[in-house]
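Student: I would like to go through this structure term by term. For each label, tell me the cut-off and the value behind it.

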Amino acid sequence: MTVTEHVQPTGAVAGYRPERTLRLWVELRRQFKRRRTLGVLILMVALPLILIAALQLGASDNAQQNNRINLVDVATDSGLNFTLFVLFATTSFFLVVVFALFFGDTVASEAQWGSLRYTLATPVPRMRLLRQKWYAALVMSVGALLTLTVVAVVAGGVAFGFDDIRTPIGVTIAQGDGLLRIAGMLGYLAVHLLVVGTLAFWFSTITDAPLAAVGGAVFTMFVFAILDQVEQLGSIRDYFPTANEFAWTDLLQSPVDSGDLYRGVIQSLIYAAVFTFLGFWHFARRDVTS
């Protein structure tokens, strides 16, 4: 038997299948074993419990003001109301950091540890490695969001009862309809938060420092959030990646005003697609052997 019988026309050894390398469940298992993953999940479970304790101990009568719907005033009316308050309180910062952490840590941490070149030498095709890491980051980010919501619904229901949703403007939404609307809110938030996640993903292919990738994405979003408060910028603010971040609260209206929801989804998907493309484009040209 000659040596060439063990080699495919592509030059790979017989039996090698690129699509069988670094399967998603393998990458997810690796990521779930990391302390930062366990730490985030613990925080997702603990945060609703901390907020319940804070609300029961007595909050200030001066609720946080917002130009849409003030959910603080009715947070203790039911478990679903409490869930809405948790989502409202975590949208601008906590969830932004979580998505940036999972996506920004994908490549930069491997490069920092020096394991990236060995993973590619397994051999795992470069673009497949990056794609699997993107999928894993998405699964973990959405999983963290779902964990936060499920804990808020259950813990809030135990603490405040499993009643209907009551909005600050007096609209009552039945439990079944309310759960469907919360599911829609989670879908919107997952798409919107993909913006900061994919931005961190792009930065992760540029730097070997995970903190720089995560911090750079979070800082960028905060800058846009600050600029969004500058009214002199006018309609330019509508194109910021932070625009429509609270559009999911429109699902509490009857009837639902879907204008901002559609714009927010389309705009977020465009930003996410651009940042993802830039990440793959840069990684395809990156020297990972040094």
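Student: How do you know that the span of helix α2 agrees with its number of residues?

Tutor: Helix α2 covers residues 35-57, which makes 23 residues. The expected span of a helix is 1.5 Å times one less than its number of residues. That gives 33 Å for α2, and its end C-alpha atoms are 32 Å apart, so the two agree. Helices are DSSP runs of H or I with at least four residues, strands are runs of E with at least two, and both are numbered from the N terminus.

Student: What kind of model is this, and how are residues numbered?

Tutor: This is a predicted model, in which local features need pLDDT of at least 70, side-chain atom pairs count only at pLDDT 80 or more, and totals for chains, interfaces and linings use all residues. Residues are numbered from 1 along each chain as its sequence is written, and side-chain values use heavy atoms, with hydrogens and water left out.

Student: Where is the kink in α2, and what is its angle?

Tutor: The kink lies at Ala46 and is about 25 degrees. Proline Pro48 follows shortly after. The bend at a residue is the angle between axes fitted to the seven residues ending there and the seven starting there.

Student: Why is Ile42 called exposed?

Tutor: Buried means under 20% relative accessible area, exposed means over 50%, and partly exposed is in between, with a 1.4 Å probe and protein chains only. Ile42 has 58%, so the label is exposed. Ile42 sits in helix α2. Its C-alpha atom is separated by 9.7 Å from that of Leu148, 106 residues apart along the chain. Elsewhere in α2 there are buried residues, including Val40, Met44, Leu47 and Pro48.

Student: What makes Ile169 exposed?

Tutor: Its relative accessibility is 62%, and therefore Ile169 counts as exposed. Ile169 is in the loop between β1 (165-166) and β2 (172-173). The C-alpha atoms of Ile169 and Leu252 are 9.9 Å apart, with their places 83 residues apart along the chain.

Student: Why is Thr106 called buried?

Tutor: Thr106 has a relative accessible area of 5%, so it counts as buried. It belongs to the loop between α4 (94-104) and α5 (108-113).

Student: What does the side chain of Thr106 reach, and which residues does Thr106 touch?

Tutor: The side chain reaches the backbone oxygen of Phe103 at 2.7 Å. A polar contact is a pair of N or O atoms within 3.5 Å; within protein, one must be able to donate a hydrogen and the other to accept it, and residues adjacent in sequence count only if both atoms are side-chain atoms. Contact in general means heavy atoms within 4.5 Å. Leaving out residues up to four places away in sequence, Thr106 touches Lys133, Ala137, Phe201 and Ser204.

Student: How many cavities of 30 Å³ or more does the structure hold?

Tutor: One. A cavity is a set of points, on a 1 Å grid over the protein atoms alone, where a 1.4 Å probe fits but cannot get out; lining residues have an atom within 4 Å of a point. The largest cavity holds about 40 Å³ of space. Its lining includes Glu27, Gln31, Thr106, Lys133 and Met140. The elements giving two or more residues to that lining are α1 (24-32) and α7 (126-160). α7 gives the most, with four residues.

Student: How do you know that Thr276 is buried?

Tutor: Its relative accessible area is 14%, so Thr276 is buried. Thr276 is in helix α10. Its side chain makes a polar contact of 3.3 Å with the side chain of Trp134, and reaches the backbone oxygen of Ala272 at 2.8 Å. Beyond neighbours within four places in sequence, Thr276 is in contact with Trp134, Thr198 and Phe201.

Student: What span should α10 have?

Tutor: α10 has 26 residues (259-284), so 38 Å is expected, and its end C-alpha atoms are 38 Å apart. That agrees.

Student: Which residues are joined by a cis peptide bond?

Tutor: Ser254 and Pro255, with omega about -5 degrees. Pro255 lies in the loop between α9 (210-227) and α10. Asn244 is also in the loop between α9 and α10. Asn244 has a positive phi of about 65 degrees, although it is not a glycine.

Key
On a 1 Å grid over the protein atoms alone, a cavity is a set of points where a 1.4 Å probe fits but cannot get out, and a pocket is an open set with protein on both sides within 12 Å along at least five of seven lines; lining residues have an atom within 4 Å of a point. Grid points are joined across faces, edges and corners, and a volume is the space filled by probe spheres set on the points.
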